[in-house]
Amino acid sequence: MAGNVLVRGGTIIDGSGHPAEPGDVRIRDGVITEVGGRLVPDGEAEIDASGAYVTPGFIDGHTHFDPSLFWDPDCDPMPQHGVTTVLMGNCSLSLAPVRPDHRKQVGETFGTIEEFPDVAFDDHVPWTWETYAEYVTSVAAGSYGVNVAGLVGLSMVRLFVVGEEAWDRPSTADERDRIVAVVDAALRGGAAGLSTSFSDVGRDGRLVPSAAADDDELRAVIDVLGRHRGHFEIIPRGVTTDRQDAMDTLERCARWCAAADVTLTWNAFLDLRNDPTISDDFLAFARRLQGEGMRALPTISPRPVDFTANWNGGLGFRYIPAWHTFVQADRPTKLAMLADPAWRRQAAEQWDDTTASVFPHHALEGVTVLDAARPDLERFVGSTFDVYARYHGGHPSDALADWVASNDLAPGMAYVVGNHDPARIGRLVADPATLVSASDAGAHVQAHCTAGDTTLLLTRYVRDRGDMELEAAVTEMTARQADVYGFTDRGRIEVGKAGDLTVFALDELHWDEPVACHDFPGGSLRYRRPPGGYRSTVVAGVPTQSHGVATASRPGRWLPGKQPARTRVA
C-alpha cells in the first residue's frame, strides 16, 4: 500500500542537520516527489502541519517485534511515537532459520530472554518456514503499521547448523563453512545483517548458542557480512563485571569489521549509579576505536532502565541460578522450591557469591514494593524492600522467598538498573560517539514498556533540558540511523526518498508512564506507553496515526537489506 499526500504549512527538518525552514512535502505513490514552499494541492490527501515540524519518519534500530508482528501488525504504540521503521532480530535472536524440531526451543529461548509468554509462540507464530528467505516471504506477505527489517540471529544459525551442541562448543571447520553458507543465504534472502550475543541465557541458565562461537567463526561471518554490506550487532559479556574482557571482545570484532568494511554496533551501554566509571570508560573506548577509523558505535537509550519484577520468566535473576530457575518454573514447582530448605540454602549462597545481577539483590533499597496480598503486609507498600528485609531478619534471600510466598508468587516490585541521572544521560546521548538506538521496543512488555524513546529524547533532552538541538536530535533518529543500518532510501526528506514522515509540535509532546493492559496472547499482561502527542505519522504516504489514534492503515512493508551509505557515521 502506498499513498499520495501533501503535508502543508509546516517547518521542515530534513534530517541532514540543516536548520529548520518552512516548506511543504508532496508524496506520490509512497515516494517524496516535491519539497518546497507553498506547493499547490493536486487532488491528494492533505495534512495541515501549521505550527508543527515535519521530519523524516523516525527509525528504531533495536527492537524485538519479530513474534508480535503475527498478532499486532500495527506494532502498537510505535506509530504514536513517530516511528516509521523498526529493525528486529537483535541480540542473536531471530525466528529463522529454524528446523521443525527446534521451533519450541527457539520460542522458549526467545520468550525467556525477551519476556514473551509461551502461548505467543505456540498459538500465534505460524512457523511455516525453515530458511531465512522463507521467513522473509511469510513476513513480507503481511502489512504493518511500520516498515520492518530484520537481522539474522547467530544463535539461531548455530542451532540450525550444529544442533543441540551449538549451546556448548565452537563449530568445526565443516560446520563453520555451513554457518557461513546459511548466513550468506539469509543476507541474500533479505536480512539486513547479523546479530550475536555473549551475554544472554536461555531458560535453563546456559549462555545462548552464539556465545560459544570462537574467533574463527566470528571472523568468517563478519567476512560474509562485508561481501553483502550487512550490519553487525553484538551484546558483549561482562560490561558490568569484567569490562576489560568486554572491551577485548569488542575490539577484536571491531577490527575484523573494519577490515571487512562492516559497521558494528553494541548494546548494553548503560550509566550505573553505583559505578559511573563504566559508561565513562566505554565512551572513551568507543572514541578511541572511532578515532582509529573503525565504525564501532555503542547504542544507548535515553530511558531509565526500569522494571516491574517478572516472577514468571525473564532474566531478572539471570546471574543467580537458583532464583533464575525459580522464576522460569511453573507454579507447583515454585511452591515446592520455596518449601525446600536445600533450595533456600543454595539460593542464599548464590546470592552472596553473585556480585552483580539485573535484580539489585545487593541494593534492596533500590527495589520499591508496589502491592501486597495480605493485610498485615500492606504497611510495606510504597517502601523499599530493604525495610521489609530488616523487619524479617535473617538472610535477604530468605526474606525475599518469604515475601514471594506470602504474596501468592506474584509480588509487585519495581527497580531501576541504569540511566538514573538525566544530566549524565543528556551528555551521553548528545555525544557523537554514541548512537541513540537501544530502545528494546517490543520486548519485556510484562515488566515495563520500552517504546517511546523518540518522545523522551525530544521532550526531556531537547525541549526541557536543552542537551541537544532539535535538528541534531532529528538527525540522530533519522538520517544517522539510516546510514548505520543501511536504509539508503529513507531517513531524509529528499525527492526520491521514501515517503515516511513524522509531524509534531515540540510543546505538544509528552512522555507518560506506561499503563497495564491484558491484550497479549492468552490475555497476558502488557505494559503500554500512551501516545506521545504527535499530530501525524506517515508511512509510504499513508497516515498510520493521527493525533494519537491509529488509523487502521498498514502501509508498512518488509525492507530487504541494502548497501549502507559509506559516509562516516561516528
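I take contact to mean heavy atoms within 4.5 Å, and I apply it here to a predicted model.

**Entry 1: tyrosine 135.** Leaving aside residues up to four places away in sequence, I find that Tyr135 touches Asp66, Met88, Leu95, Ala96, Trp129 and Trp558. I then looked up the largest nonpolar core, which has 111 residues, and noted that Tyr135, Phe282 and Leu458 are the ones that touch the most other members. Helix H7, residues 243-260, gives the most to this core, with eight residues. Apart from it I recorded another core, of 35 residues, including Ala309, Phe317, Trp351 and Ala447.

**Entry 2: strand E10.** I asked which way the side chains of E10 point. His231, Glu233 and Ile235 point one way, while Phe232 and Ile234 point the other way, and all are buried. This fits the general pattern that in a regular strand the side chains alternate between the two faces of the sheet. For the strand as a whole, residues 231-235, I note that five of its five residues are buried.

**Entry 3: the partners of E10.** Strand E9, residues 193-197, runs parallel to E10 and is joined to it by five bridges, with Leu194 standing opposite Phe232. Following the chain from E9, I pass through helix H6, residues 215-228, before reaching E10, and this β-α-β crossover is right-handed. E10 also pairs in the parallel sense with strand E11, residues 264-266, over three bridges, and here Ile234 has Trp266 as its bridge partner. I logged E10, H7 and E11 as a right-handed β-α-β unit, and H7 is the helix already entered above as giving the most to the largest nonpolar core.

Methods:
Residues numbered from 1 in each chain as written. Predicted model: local features only at pLDDT ≥ 70, side-chain atom pairs only at ≥ 80, totals over all residues. Heavy atoms only, no water. Core = buried A, V, L, I, M, F, W, Y, C linked by side-chain atoms within 4.5 Å. Buried < 20%, exposed > 50% of the residue type's maximum accessible area, 1.4 Å probe, protein only. Helix = DSSP H or I, 4+ residues; strand = E, 2+ residues; numbered from the N terminus. Pairing = 2+ DSSP bridges. Right-handed = clockwise from strand over helix to strand, strands pointing away.
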